[in-house]
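Q: I am new to this structure and would like to learn how to read its features one at a time. Could you take me through them slowly, giving the general idea before each case?

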Amino acid sequence: MTTSPLAELSTHVADLIARIEQALTLADLLVDEPFIVGKRSILSTLQKSLGALAPEERKDAGARLQDARRGIEEAFAVRRALLEEEARAEQLEADRLDLGDVVISQVLAPLSVGHPGIVAATQRQLEDVFVAMGFNVSDGPEVESDWYNFEALNIPPAHPARGMWDTFYVDLGEPETVVLRTHTSPTQIHLMEQAVAQDALPIHSVMPGRCYRRDTPDARHLATFHQIEGLVVDRGISFADLAGVIETFTHAYFGADISSRLRPAFFPFTEPSAEFEITCTICRGDGCRTCSQTGWIELGGCGMLDPAVFEAVGIDGDEWSGFAFGFGIDRCAQMRHQIADMRALIDNDVRFLRQFS
Ligand code: FA5
């Protein structure tokens, strides 16, 4: 008598169920899949052996094997769904962003936040001083035509004063020469032209901004630096008003113990003109490398608006008068914080920068 190939079917089924239950991870189960429900499983081997049975026995054995296979496949599918769910939950847990952790780690090791640079901060402080004195704040383009940077300011093409401002030329072409502005004075021209067009005189404005010159960087100079221009156009303005504004500004910004002085100077767009100097805050007037041993530092130029400028912008010089000034913002920062060398402002050494946070 021959033994039926399915004689040990229930044992095989029990083994397969145990194998399914023993897979603890989805990866384990999938590795075992061909041996449990695939072509390499015992069920497939048994299926092949049914061919040797007599037809009436084969039908019955086939039905039993089919039942067994359905049971195993169902157990496999249930286990697979469970392990997939577990794997997904694990992944979610790993991906979870615990905001509590972030806050705690920030308390333990605070992130350093940025702060305005020393020149930007100085610019704001200067604006505040002038706003408190009744000025408003405007700005103008950094790239200028020859007309605004020079000609309207009474500096014709061959004028020797052009040598005072070593210029970066953007375009020397026709019809217009274009430059990186060498000073903030061209913004005066924009403002006066606008005021004339809008019938909006008088003007009491300051205009801070970046300037460019082919200067070799040294203790007091940079090739890219900042100025703050001042412009007053009103009726009955005199040099005494200009001197008063400069004196008030010096004491408000540098303190009562810093002296200022005006020295006769030449600017083509102001007449009379003066240079504005303060006591060197580094040596307190004794003389040092920063002030070239003079005890004084030049902050800027100033003067009464030249009639030629009024003519260029179409302002009636018989009715209106005015003054202008232009200070170096970097120079103000240098003197306020006693920085011996202006190049420290652009070195980006964080040990230096942190002192001004
Ligand atoms: C002028 O630029 C005139 N436009 C100022 C002026 C305005 C005169 C209105 C009359 C009326 P000056 O070239 O002297 O002037 O520059 C003025 C100030 O800008 C200097 O005193 C200095 O504080 C600052 N400055 C000039 N060149 C540099 C530079 N290369 N680096 C840093 N600061 C500079």
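Q: How many residues surround the ligand, and which are the closest?

A: A residue is counted as near a molecule or strand if one of its heavy atoms lies within 4 Å of it. By that rule 26 residues surround the ligand here, and the closest are S185, D215, L222, E298 and L299. The model is a predicted one, in which local features need pLDDT of at least 70 and side-chain atom pairs count only at pLDDT 80 or more, while totals for chains, interfaces and linings use all residues. Residues are numbered from 1 along each chain as its sequence is written, and side-chain values use heavy atoms, with hydrogens and water left out.

Q: Which N or O atoms of the protein lie opposite polar atoms of the ligand, and at what distances?

A: A nitrogen atom of the ligand is 2.7 Å from an N or O atom in the side chain of D215, and an oxygen atom of the ligand is 3.0 Å from an N or O atom in the side chain of Q227. The backbone takes part as well, since a polar backbone atom of L299 is 2.8 Å from an oxygen atom of the ligand. Taken alone the ligand exposes 680 Å², of which the protein buries 96%; such areas come from the Shrake-Rupley method with a 1.4 Å probe, and for residues only the protein chains shown count as cover.

Q: Where is T184, and is this residue buried or exposed?

A: Helices (H or I, at least four residues) and strands (E, at least two) are DSSP runs, numbered from the N terminus, and T184 is found in the loop between strand 4 (178-180) and helix 8 (185-197). Buried means under 20% relative accessible area, exposed over 50%, and partly exposed in between, with a 1.4 Å probe and protein chains only. T184 has 0% relative accessibility, so this residue counts as buried.

Q: What does T184 touch?

A: Contact means heavy atoms within 4.5 Å. Leaving aside neighbours within four places in sequence, T184 is in contact with M207, P208, G209, C211, Q227, I228 and E229. With E229 there is also a polar contact between the two side chains, at 2.7 Å; a polar contact is a pair of N or O atoms within 3.5 Å, where within protein one must be able to donate a hydrogen and the other to accept it, and residues adjacent in sequence count only if both atoms are side-chain atoms.

Q: How many salt bridges does the structure hold, and which parts of the chain does the pair of R79 and E21 link?

A: A salt bridge is a side-chain nitrogen of Lys or Arg within 4 Å of a carboxyl oxygen of Asp or Glu, and the structure holds 16 salt bridges. In one of them the side chains of R79 and E21 meet at 4.0 Å, N to O. This pair links distant parts of the chain, with R79 in helix 4 (residues 55-95) and E21 in helix 1 (residues 9-22), 58 residues apart. R79 is buried at 13% relative accessibility, whereas E21 is partly exposed at 46%.

Q: How far apart in the helix are E85 and R88?

A: An α-helix has 3.6 residues a turn, so residues three or four places apart point the same way. E85 and R88 both lie in helix 4, three residues apart, about one turn of the helix, and they form a salt bridge whose closest N and O atoms are 3.0 Å apart. Both are partly exposed, E85 with a relative accessible area of 45% and R88 with 48%.

Q: Which residues do salt bridges that share partners join into one network?

A: A pair to begin with is R351 and D349, whose closest N and O atoms are 2.7 Å apart in a salt bridge. Salt bridges that share partners join R261, R263, E275 and E277 into one network.

Q: Why is helix 11 largely enclosed by the rest of the structure?

A: Seven of the eight residues of helix 11 (residues 329-336) are buried, so this helix is largely enclosed by the rest of the structure. The buried residues are I329, D330, R331, C332, A333, Q334 and M335. Just after helix 11, Q338 takes a positive phi of about 50°.
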